[in-house]
Amino acid sequence: MIPHGRPTLDLDAVAARAKTSPSTWKRTRHAAFSKAVKPLRGMLRPLLYDAAQVDAYLAGQPIPALPKGPSPADLLTDTEAAAIIGVTASTVRADAATGRMDGGVERHGRRWWTRAAAEAEAARPDQRGRQLGAKDKAPRARRPDPRIPEVGAELEAADAGRRGPVTAAELAARYAVSTRTAERIMSKARDARR
């Protein structure tokens, strides 16, 4: 999370502020720096640091504290926004790419969303894709095929001698389906009669 209104720096920018190359910074000064200044919460790659804290460290002054409490203008990663919305991080990225939610802003080579946008998305009626914890392995409920009882009645009539035998060609013509589909309908109708 990037706190509202706080400029941020990655390690290359920290080295530039210290007027040294990134490789020299990592070799000679990064160990002491990382003990004094912690990266912003939630950062994996790139590691981001608060600019005011970096400037205070480089000037030899006490490190200022970050703002306490959430602000609607805080910038959140896809994972942090997803936790608020109640979906997966990939759903946040996909919804932003397709325009179903706020596209966010780009900083330091990655996309960020405001806390307000994530909360608004969480309050929106549920019209999004995959929810956290969704179990899509359960079989889908199928609507009953209305042709099966009709064909079952025709098969009964044929068995009672009130009509001739029911053929797949006849059913294919009646329902405008292939002969193989007509055979499946007859098979299901026979199974339903048992």
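Before the first slide, one definition: a helix axis here is a line fitted to C-alpha atoms, over the stretch in contact, and angles run from 0 to 180 degrees between N-to-C directions. Keep in mind that this is a predicted model.

Now the first pair. Helix α4 covers residues 78–85, and helix α5 covers residues 89–98. Their axes come within 8 Å. They cross at roughly 100 degrees. Angles of 65 to 115 degrees count as roughly perpendicular, and α4 and α5 are therefore roughly perpendicular to each other.

Who makes that contact? On the α4 side, D78, T79, A81, A82 and I85. On the α5 side, A89, V92 and R93. By type, that contact splits into five nonpolar residues, one polar and two charged.

Let me step back to the whole chain. There are 194 residues, and 32% of them are buried. The secondary structure is nine helices and five strands. In sequence order, the pattern reads β-α-α-β-α-β-α-α-β-β-α-α-α-α. Take contacts between residues at least 6 apart in sequence: 60% of these join residues at least 24 apart.

Next, the sheet. Three strands form an open sheet, in the order β3-β5-β4. Pairing is antiparallel. Which strands stand at the edges? β3, residues 75–76, and β4, residues 105–107. Each has a single partner strand, so one side of each has no neighbour in the sheet. As a reminder, strands of a sheet pair through backbone hydrogen bonds.

Look at β3 with β5, which is residues 110–114. Two bridges join these antiparallel strands. In one pairing, L76 has W113 of β5 as its bridge partner. Helix α6, residues 115–123, packs on the sheet and touches β3 and β5. The direction of α6 makes about 70 degrees with that of β5.

Last topic, the cores. In soluble globular proteins, nonpolar side chains tend to be buried together. Here the largest nonpolar core has 13 residues. Which members touch the most others? V151, L155, V166, L171, A182, M186 and A189. Three helices give two or more residues each: α7 (147–160), α8 (168–175) and α9 (179–193).

Zoom in on L155. Leaving out residues up to four places away in sequence, L155 touches V166, M186, A189, R190 and R193.

There is another core, apart from the largest one. This one has 12 residues, including I85, A96, M101 and A118. You have met I85 already: this residue is part of the α4 contact with α5.

Note on methods: Residues numbered from 1 in each chain as written. Predicted model: local features only at pLDDT ≥ 70, side-chain atom pairs only at ≥ 80, totals over all residues. Heavy atoms only, no water. Helix = DSSP H or I, 4+ residues; strand = E, 2+ residues; numbered from the N terminus. Parallel < 35°, antiparallel > 145°, perpendicular 65-115°, else oblique. Contact = heavy atoms within 4.5 Å. Nonpolar A, V, L, I, M, F, W, Y, C, P; charged D, E, K, R; others polar. Pairing = 2+ DSSP bridges. Core = buried A, V, L, I, M, F, W, Y, C linked by side-chain atoms within 4.5 Å. Buried < 20%, exposed > 50% of the residue type's maximum accessible area, 1.4 Å probe, protein only.
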